[in-house]
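I opened this entry to log some lookups on helix packing, ring pairs and annotated spans. The notes follow in the order I made them.

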Amino acid sequence: MPDTLDTSAAARGERRRARTRTAIMDAAEEVFRRDGYEPARIEEIAERADVSVGSIYTHFENKRGLYLTLVERSLALFGEYMLRSEDPSFTPLQRVLAGGDAYLRFHQEHPGAFQFLAFRAPGVAGLTDDDALEARIRDQVGGLLERFAQNIDAAIAAGEARPVDSARLARYLWGAWNGVIGLRLQPDGLRLSDAEITETLELARWLLREGLATGALRGPDGAVDGRVPLPRIR
């Protein structure tokens, strides 16, 4: 028998609170993305969300808490993309390469979320170790990097990737991919368009494949090329 909607007063109230919370977070993402952390005003977020300022403080302790909650939401969404890179139809090395495609797709489809993921606001990052939300975010980032490092280790174990320090490579790629996408925020002369970012990350994936692949995957000229097609996540 299909689930029926709980129409009790308590259930209706909970759904209403969830909708309000989502509206606040969506409005805050727009304001923080456009203005940055310090200039962002709670009053404008409230206006965009069509709620009172007091309602925001009912759901979030302060502006910092709202911002960090958006960081955590972005991490959860990014985690879903990275899981898609572990498609069982891919070879172990392709799963590593698919991580780059997941990063690109996430940026293309959720540019606002990516900004929270990659560029923590001054005065928000580096909080005290006893801040529960900050600690949870740090653990989630660490978990994502550890899982990606495990995919690199799996490619090494399968004989498809050269032996490397997987933890260091995972962190290097995290920083490199963030840096490339971050070029869209640079001033004229340094800024890359979205099309140029796509081309740059595709080049990076090609270099990663050519650098990691073992001799068994290379042709007489030493290149990998079509022997390991660059995968696309679904």
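I began with H5 and H6 in this predicted model. Their axes cross at roughly 120° and come within 5 Å. Angles of 65 to 115 degrees count as roughly perpendicular and those over 145 as roughly antiparallel. I therefore logged H5 and H6 as oblique to each other. H6 covers residues 111-118, and H5 covers residues 92-109.

Next I listed who makes this contact. From H5 I noted Tyr103, Phe106, His107, Gln108 and Glu109. From H6 the list reads Pro111, Ala113, Phe114 and Leu117. Sorted by class, the H5 contact with H6 holds six nonpolar residues, two polar and one charged.

I then ran a search for aromatic pairs over the whole structure, and it returned 13. I looked at one of them, tyrosine 81 with phenylalanine 106. The ring centres are 5.5 Å apart and the planes stand at 70°, so I entered the pair as edge-to-face. For this label the planes have to be over 60 degrees apart. Tyrosine 81 sits in H4 (residues 63-84) and phenylalanine 106 in H5. The two are 25 residues apart, and the pair links distant parts of the chain. Phe106 is also among the H5 residues that touch H6.

I moved on to the H1 and H2 packing. H1 runs over residues 9-35 and H2 over residues 42-49. I have their axes 8 Å apart, at an angle of about 130°. That angle makes H1 oblique to H2. I recorded the crossing of H1 past H2 as right-handed.

On the H1 side the contact is made by Ala23, Ile24, Ala27, Ala28, Glu30, Val31, Phe32, Arg34 and Asp35. On the H2 side I found Glu44, Ile45, Arg48 and Ala49. This H1 contact with H2 divides into eight nonpolar and five charged residues, with no polar ones.

Last, I checked the records. An unreviewed UniProt entry carries the annotation "domain: HTH tetR-type" over residues 18-78. I computed 80% helix and 0% strand for that span, with the end C-alpha atoms 21 Å apart.

UniProt also places a "DNA-binding region" at residues 41-60, again from an unreviewed entry. How much of residues 41-60 is helix, and how far apart are the end C-alpha atoms? I noted 75% helix and 0% strand, with the end C-alpha atoms 14 Å apart.

Note on methods: Residues numbered from 1 in each chain as written. Predicted model: local features only at pLDDT ≥ 70, side-chain atom pairs only at ≥ 80, totals over all residues. Heavy atoms only, no water. UniProt positions renumbered as here; feature names shortened; annotations may be inferred. Helix = DSSP H or I, 4+ residues; strand = E, 2+ residues; numbered from the N terminus. Axes fitted to C-alpha atoms, helices over the stretch in contact; angles between N-to-C directions. Parallel < 35°, antiparallel > 145°, perpendicular 65-115°, else oblique. Left-handed = near helix turned anticlockwise from the far one by under 90°. Contact = heavy atoms within 4.5 Å. Nonpolar A, V, L, I, M, F, W, Y, C, P; charged D, E, K, R; others polar. Phe/Tyr/Trp six-rings, centres within 6.5 Å; stacked < 30°, edge-to-face > 60°.
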